[in-house]
Every structure is written in C-alpha cells, then in structure tokens.
Amino acid sequence: MKKIIDGVTCDTEKAKLLAEKFFPDKNDKKKEYTEALYITKSGKYFIYGKGGQNSAYGNGFGTTEVSEKINLIKKPTHTRDFSHELVG
C-alpha cells in the first residue's frame with residue numbers, strides 16, 4: 001500500500017519492515033487486525049494497519065471487507081507491542 005502524508009511517501013513495498021504483530025480476538029474474528037512498523041529511506045516511521053470490519057481499522061458498516069490504513073508517526077521511543085515480533 002502506498003500513501004503520501006505531509007509530503008512523505010509511505011510505501012509498504014519500498015520501506016523497511018521493522019516489526020509486525022497480529023492482534024487476535026477469539027470471540028469476534030471481525031475485530032482481528034495486524035499492525036506493521038516501517039521506516040522509509042528518509043528515516044520517517046509509519047504504521048500500516050489492516051483488519052476486519054469491527055477492528056481498529058475497520059469501517060464497521062456491515063461490510064465483510066478488510067480495511068487498510070497508513071499513519072505517519074514520530075520516531076518511536078519503543079516498538080509498542082512489537083517487542084517479540086521484530087523482523088530481521
């Protein structure tokens with residue numbers, strides 16, 4: 001996925017994947033989602049998220065489609081809940 005935010009190109013195909021985590025929900029599969037932390041070649045960080053209709057990334061309007069979003073973030077002081085999911 002590719003999105004330009006404040007002049008920064010956030011492209012999951014070209015940026016380096018730093019960490020990824022799946023957030024399951026055993027009671028409602030539509031609430032499950034995945035988040036991935038990336039860094040661009042210019043040193044900007046972004047989070048790519050993908051999830052079901054009732055997840056943090058869903059639209060919740062009765063569709064069964066998976067939704068995706070990209071959010072540009074400041075340099076993380078930690079990798080949130082990614083500590084056991086670091087890549088490379």
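Modeller: Before we start, a word on accessibility: a residue is called buried under 20% relative accessible area, exposed over 50%, and partly exposed in between, with a 1.4 Å probe and protein chains only. This is a predicted model, in which local features need pLDDT of at least 70 and side-chain atom pairs count only at pLDDT 80 or more, while totals for chains, interfaces and linings use all residues. Residues are numbered from 1 along each chain as its sequence is written, and side-chain values use heavy atoms, with hydrogens and water left out.

Colleague: Why is Lys-29 called exposed?

Modeller: Lys-29 has a relative accessible area of 60%, and exposed means over 50%, so Lys-29 counts as exposed.

Colleague: What makes Lys-29 and Glu-32 a salt bridge?

Modeller: A salt bridge is a side-chain nitrogen of Lys or Arg within 4 Å of a carboxyl oxygen of Asp or Glu. The side chains of Lys-29 and Glu-32 meet at 3.4 Å, N to O, and by this rule the count comes to 1 salt bridge. Glu-32, with a relative accessible area of 15%, is buried.

Colleague: Why does Asp-11 have no salt bridge?

Modeller: The nearest side chain of opposite charge to the buried Asp-11 is Lys-14, at 4.6 Å, and a salt bridge needs its atoms within 4 Å, so this pair does not count. Here Lys and Arg count as positive and Asp and Glu as negative, while His and the chain ends are not counted. A polar atom of the Asp-11 side chain does, however, lie 2.9 Å from the backbone nitrogen of Glu-13.

Colleague: How do you know that strands E1 and E2 pair?

Modeller: Strands (E, at least two residues) are DSSP runs, numbered from the N terminus, and two of them pair if DSSP finds at least two bridges between them. E1 (residues 2–5) and E2 (residues 8–11) have 4 bridges, in the antiparallel sense, so they pair. One example is Lys-3, whose bridge partner in E2 is Cys-10.

Colleague: What is the phi of Asp-6, in the loop between E1 and E2?

Modeller: Asp-6 has a positive phi near 50 degrees, in a residue other than glycine. Most residues other than glycine have a negative phi. Asp-6 also counts as exposed, at 75% relative accessibility.

Colleague: Which residues make up the largest nonpolar core?

Modeller: A nonpolar core is a set of buried Ala, Val, Leu, Ile, Met, Phe, Trp, Tyr and Cys residues joined through side-chain atoms within 4.5 Å. The largest has 9 residues, including Ile-5, Val-8, Cys-10 and Phe-46.

Terms used: Polar contact = N/O pair within 3.5 Å; in protein donor to acceptor, adjacent residues only side chain to side chain.
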